[in-house]
Amino acid sequence: MASTQAENTGSTAKSVNTHPTASGGTIASTVPVGAVYAEGSALDWGASLVEGAVVLDQNVAPNAPWSAVVSEGHVLTIVDVGGNQSADCLLYDADDPEQRYSVPDTLAWQGNAYVRTGTVLRSNEGRPLMTVVANEIDRQDTIGGACGRESNTLRYGHHVMFHHGCRENFLAEASRRGLGVRDLVSNLNWFMNVPVEADGALGIVDGMSAPGRRVAVRAETDVLVMVSNCPQMNNPCNDFNPTPLRMIVVDPSGLAGAGDATSRSIPEDAA
């Protein structure tokens, strides 16, 4: 887990988050994590969409990145705990990261712009990485891209140039996995609503999700899944209130409930 320390510069202090890297070192980042959502927010922590032995159960704080390797045959359920909180997502073959999620391959193979139940998420060589096996909203997005400091500035003005985005989260998490800038590609946006109009125009509009809505994806090989719990605070899609995500991995071949969660951080009052 990341540790936090205060770095003093003259009379001011700023929070520095340190993360371990694949090479055994650390990387320092001033990207804030662990934002507090509004008191009284409606939260539904949900459960796995697929029965099986739980092998991983973790929360992703608002604004924070997350990653894990999902073994072949295992199913990852992503829970939109607070509703309309985009889970920006990248996928890599865990043994060969040069094989990574490809938007054009995925859409061309299925002949559809949306990600729905049954969509096979393919690599840049057309190989299956994961398959959407269950989905509680009508469609998922994979063409809206990820926010970042530069795009935030372009869209909302220079006064937001210091707001970090999903690109910064991806870079921080990628560094822990031995990956870098050249490994960032176009991504999935679980729970974000990006309709394609008849004239081809796109829009990022009010979401179709709600607290506790879920999507489940099955790994077709060992897959490194990287997620940014979107820190976007400049449009009303999430009511300007970033909320947590819950990530649950199960082994469907095991008995339901037979495995202990590797990591579980559901608040006691949410059980």
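**Exercise 1. Locate Thr106 and describe its surroundings.**

*Solution.* Step 1: Thr106 belongs to helix α1, residues 103-110; helices (H or I, at least four residues) and strands (E, at least two) are DSSP runs, numbered from the N terminus. The model is predicted, so local features need pLDDT of at least 70 and side-chain atom pairs count only at pLDDT 80 or more, while totals for chains, interfaces and linings use all residues. Residues are numbered from 1 along each chain as its sequence is written, and side-chain values use heavy atoms, with hydrogens and water left out.

Step 2: Thr106 has 0% relative accessibility and therefore counts as buried (buried is under 20% relative accessible area, exposed over 50%, partly exposed in between; 1.4 Å probe, protein chains only).

Step 3: A polar atom of the Thr106 side chain lies 2.8 Å from the backbone oxygen of Ser102.

Step 4: Not counting residues up to four places away in sequence, Thr106 touches Tyr101, Thr119, Val120, Leu121 and Arg122 (contact: heavy atoms within 4.5 Å).

**Exercise 2. Determine the strand order of the open sheet and place Arg246 within the sheet.**

*Solution.* Step 1: The order of the 6 strands is β4-β14-β6-β12-β10-β9, with antiparallel pairing (two strands pair if DSSP finds at least two bridges between them). The edge strands, each paired on one side only, are β4 (53-60) and β9 (120-122). From one strand to the next, the twist averages 25° (axes are lines fitted to C-alpha atoms, and angles run from 0 to 180 degrees between N-to-C directions).

Step 2: Strands β6 (residues 75-80) and β14 (residues 245-251) share 6 bridges in the antiparallel sense. Here Arg246 of β14 stands opposite Val79.

**Exercise 3. Which residue forms a salt bridge with Arg246, and are the two partners buried or exposed?**

*Solution.* Step 1: The partner is Asp57, at an N to O distance of 2.7 Å (a salt bridge is a side-chain nitrogen of Lys or Arg within 4 Å of a carboxyl oxygen of Asp or Glu). Asp57 in strand β4 and Arg246 in strand β14 are 189 residues apart.

Step 2: Asp57 is buried at 2% relative accessibility, and Arg246 is buried with a relative accessible area of 6%.

**Exercise 4. Characterise the salt bridge between Arg116 and Asp138.**

*Solution.* Step 1: Their closest N and O atoms are 3.4 Å apart. Arg116 lies in the loop between α1 and β9, and Asp138 in the loop between β10 (128-135) and α2 (149-156), so the pair ties together parts 22 residues apart in sequence.

Step 2: Arg116 is partly exposed at 29% relative accessibility, and Asp138 is partly exposed at 44%.

Definitions and conventions. A polar contact is a pair of N or O atoms within 3.5 Å; within protein, one must be able to donate a hydrogen and the other to accept it, and residues adjacent in sequence count only if both atoms are side-chain atoms.
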